[in-house]
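I am opening a fresh page for a structure I have not looked at before. Let me put it on the screen and note what I look up as I go.

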Amino acid sequence: MALELLPTASGFFFGSTDYDGYYFEVLRDTRHFIQKEFTYNSDLENLYYTEWW
């Protein structure tokens, strides 16, 4: 599902476009960051996350 829902992007800032262990490690790290830094009531609010690049 990663290819469909969270595709890689090529370019200077993005690095590898492989779906490898590093790709999924970065996803886990991002998820943990979001869970730690953001708390919200999912019944009342929507949370959107984006990168600047």
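How exposed is Phe24, going by its relative accessible area? I looked that up and found that Phe24 is partly exposed, at 35%. One caution for my page: this is a predicted model.

**Entry: the whole chain**

I stepped back next to see what Phe24 belongs to. I found two helices and zero strands in the chain. Then I checked burial, and buried residues come to 4% of the 53 residues. I also looked up the surface: the chain exposes about 5,100 Å², and carbon and sulfur atoms supply 56% of that area.

**Entry: the aromatic rings**

I went back to the rings and found that the structure holds two aromatic pairs. In one of them, Tyr19 meets Tyr23 edge-to-face, with 4.8 Å centre to centre and 75° between the planes. Tyr23 also pairs with Phe24, again edge-to-face, at 4.9 Å centre to centre and 90° between the planes. I therefore have Tyr23 down as a member of both pairs, and I noted that Tyr19, Tyr23 and Phe24 form one aromatic cluster.

Is Tyr23 buried or exposed? I checked: its relative accessible area is 12%, and Tyr23 counts as buried because the cut-off is under 20%. Tyr19 has 32% relative accessibility and is partly exposed. Phe24, as I wrote above, is partly exposed too, with 35%.

**Entry: a nonpolar patch**

Which residues make the nonpolar surface patch? I listed Phe33, Phe38, Leu47 and Tyr49, and together they make a patch of about 360 Å². I picked Phe38 for a second look. Phe38 sits in the segment after α2, the helix that spans 21-37. Its relative accessible area is 39%, and Phe38 is partly exposed. That fits a place in the patch, because patch residues need over 30% relative accessible area.

**Entry: Leu27**

My last stop was Leu27, which I found in helix α2. With 29% relative accessibility, Leu27 is partly exposed. I also looked up how far Leu27 is from Leu6, which is 21 residues away along the chain. Their C-alpha atoms are separated by 9.3 Å.

**Entry: what I am keeping**

For a quick return to this page, I am keeping three things. The chain has two helices and zero strands. Tyr23 is buried and belongs to the aromatic cluster with Tyr19 and Phe24. Phe38, in the segment after α2, helps make the nonpolar patch.

Methods. Residues numbered from 1 in each chain as written. Predicted model: local features only at pLDDT ≥ 70, side-chain atom pairs only at ≥ 80, totals over all residues. Heavy atoms only, no water. Patch = residues over 30% accessible without salt bridge, like charges linked within 9 Å, V, L, I, M, F, W, Y side chains within 5 Å. Areas by Shrake-Rupley, 256 points an atom, 1.4 Å probe, with all protein chains shown as cover. Salt bridge = Lys/Arg side-chain N within 4 Å of Asp/Glu carboxyl O. Helix = DSSP H or I, 4+ residues; strand = E, 2+ residues; numbered from the N terminus. Buried < 20%, exposed > 50% of the residue type's maximum accessible area, 1.4 Å probe, protein only. Phe/Tyr/Trp six-rings, centres within 6.5 Å; stacked < 30°, edge-to-face > 60°.
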